[in-house]
Every structure is written in C-alpha cells, then in structure tokens.
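Colleague: I would like to go through this model with you, beginning at its surface and then moving to its interior. Could you set out the terms as we need them?

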Amino acid sequence: MDPPKRTIKGAGQGGHNDIRHQNTLSDLFSPEKGPVFMVPPGTADAPLTVMQSLPLSGVLIVFSPQELAAMVVRKAVKMAREAMKIPILGVVENMSYLSLPETGKRIELFGKSKSEEMAGAAEAPLLAQIPIDPELARLCDEGDIERYDSEVLRGFADALSQAVAVKAR
C-alpha cells in the first residue's frame with residue numbers, strides 16, 4: 001500500500017492557519033519523508049509560518065521573469081537568508097521563455113530573464129530556466145503530468161540533486 005500523500009497548503013488570507021494549526025504537522029515532516037512545501041513568494045504569513053514552524057534544511061527559490069515577481073522574491077530571499085538563516089539551495093526561473101517549435105527561437109514572453117540576477121542575489125546556483133511548454137499544459141489538463149518529460153526537466157532534476165547533495169555535506 002502506498003503511503004498517503006503529505007502536503008501542506010496555505011495560500012491567500014488566513015492560509016497560514018492551515019499550516020500552523022495542522023494537527024499532523026510532526027507526522028508530515030521527517031528527514032526520511034522529505035516533504036516539499038510550496039508557499040506563495042514573499043514575506044507574508046504563509047512563507048513566514050513555514051520557515052518558523054518547520055526545521056527546514058534549505059529552500060528552493062522559484063520565480064518568473066516579471067519585475068514585480070522578482071521584487072517580491074528578492075524580499076523572500078532576504079528573509080530566508082538573513083532573518084531566518086535558512087540556506088538557499090538554488091533558484092529556478094519558471095515560464096522563462098517559449099521556444100517556437102518551427103525554428104527553436106526563444107521568445108521571452110514575460111520580459112528579459114532575471115535568472116542570473118536572482119542567482120546572484122540568492123548567492124545560490126541557477127538550477128534551471130523552465131520554458132512555457134504547451135505539452136506540459138496539455139498533460140496537466142489531462143491529469144497526466146507524470147508523463148511529462150523534457151531535456152530541461154531532466155537537467156533541472158540533476159542540478160537539484162547535486163545542490164541537495166552539496167548541502168548534505
């Protein structure tokens with residue numbers, strides 16, 4: 001029998017209460033289980049509560065290239081590194097570009113990449129620039145996201161594994 005999925009969700013106003021008051025929080029977290037917590041970027045209640053409530057060994061910064069998003073994520077980076085003393089394992093730029101199938105040309109739909117700038121601000125490696133991929137959207141819509149495979153995804157998985165291994169030393 002597969003173990004139950006372990007997630008904590010908390011988004012929007014009051015979402016931090018879902019996190020803080022989770023009765024099974026200690027059951028959800030252990031180094032062996034290695035849960036992943038996805039919280040909205042920034043310094044609001046949800047990310048702050050997760051960082052204060054759980055013994056995190058590191059965070060992964062995921063952002064999109066819009067200036068407003070980058071500004072919010074810079075604040076989260078500062079909170080994690082300076083205020084909470086939580087190491088940043090790496091950064092990922094999501095929706096970084098769209099690659100045209102006919103030509104392979106990259107179009108930066110949400111503006112110029114901020115991946116190098118964010119990696120520098122986080123003092124962490126750039127693990128991936130994830131493109132917008134219509135195939136991923138299709139598989140999500142069909143409920144088959146597990147079938148998604150791409151060179152970028154495999155490269156990200158390898159880079160993340162290396163970053164976690166370095167942190168473990």
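Modeller: A residue is called buried under 20% relative accessible area, exposed over 50%, and partly exposed in between. Please keep in mind that this is a predicted model.

Colleague: With that cut-off, is Arg-147 buried or exposed?
Modeller: The side chain of Arg-147 meets that of Asp-144 in a salt bridge, at 3.1 Å from N to O. Asp-144 has a relative accessible area of 25% and is therefore partly exposed. For Arg-147 the relative accessibility is 54%, and since exposed means over 50%, this residue counts as exposed.

Colleague: Which residue does Asp-149 meet in a salt bridge?
Modeller: Asp-149 itself counts as exposed, at 52% relative accessibility. Its partner counts as partly exposed, at 41% relative accessibility. The two side chains meet at 2.7 Å, N to O, and the partner is Arg-154.

Colleague: Which residues are joined into one network by salt bridges that share partners?
Modeller: One of the salt bridges in the structure links Glu-67 with Arg-74, the closest N and O atoms being 3.2 Å apart. Glu-67 is partly exposed at 44% relative accessibility, and Arg-74 is partly exposed as well, with a relative accessible area of 25%. Through shared partners, the network joins Glu-67, Arg-74, Lys-114 and Glu-117.

Colleague: Turning to the interior, why do the buried residues of helix H5 lie on the same side of H5?
Modeller: Helix H5 spans residues 115–122, and its buried residues are Ser-115, Met-118, Ala-119 and Ala-122. They lie on the same side of H5 because they cover an arc around the axis of only 100 degrees.

Colleague: What do the buried residues of H5 pack against?
Modeller: Two of the elements they meet, strands E1 and E2, pair in the parallel sense over five bridges, and E1, H4 and E2 make a right-handed β-α-β unit. Strand E2 also pairs with E5 in the parallel sense, over three bridges. The buried residues of H5 pack against E1, H4, E2 and E5.

Colleague: With which side chain does the side chain of Ser-115 make a polar contact?
Modeller: Ser-115 is buried, with a relative accessible area of 3%, and its contacts beyond four places in sequence include Phe-63 and Glu-93. Glu-93 is the bridge partner of Phe-63 in E2, and the bridge partner of Glu-93 in E5 is Gln-129. The polar contact of the Ser-115 side chain, at 3.1 Å, is with the side chain of Gln-129.

Terms used: Residues numbered from 1 in each chain as written. Predicted model: local features only at pLDDT ≥ 70, side-chain atom pairs only at ≥ 80, totals over all residues. Heavy atoms only, no water. Buried < 20%, exposed > 50% of the residue type's maximum accessible area, 1.4 Å probe, protein only. Helix = DSSP H or I, 4+ residues; strand = E, 2+ residues; numbered from the N terminus. Arc of directions from axis to C-beta. Contact = heavy atoms within 4.5 Å. Polar contact = N/O pair within 3.5 Å; in protein donor to acceptor, adjacent residues only side chain to side chain. Pairing = 2+ DSSP bridges. Right-handed = clockwise from strand over helix to strand, strands pointing away. Salt bridge = Lys/Arg side-chain N within 4 Å of Asp/Glu carboxyl O.
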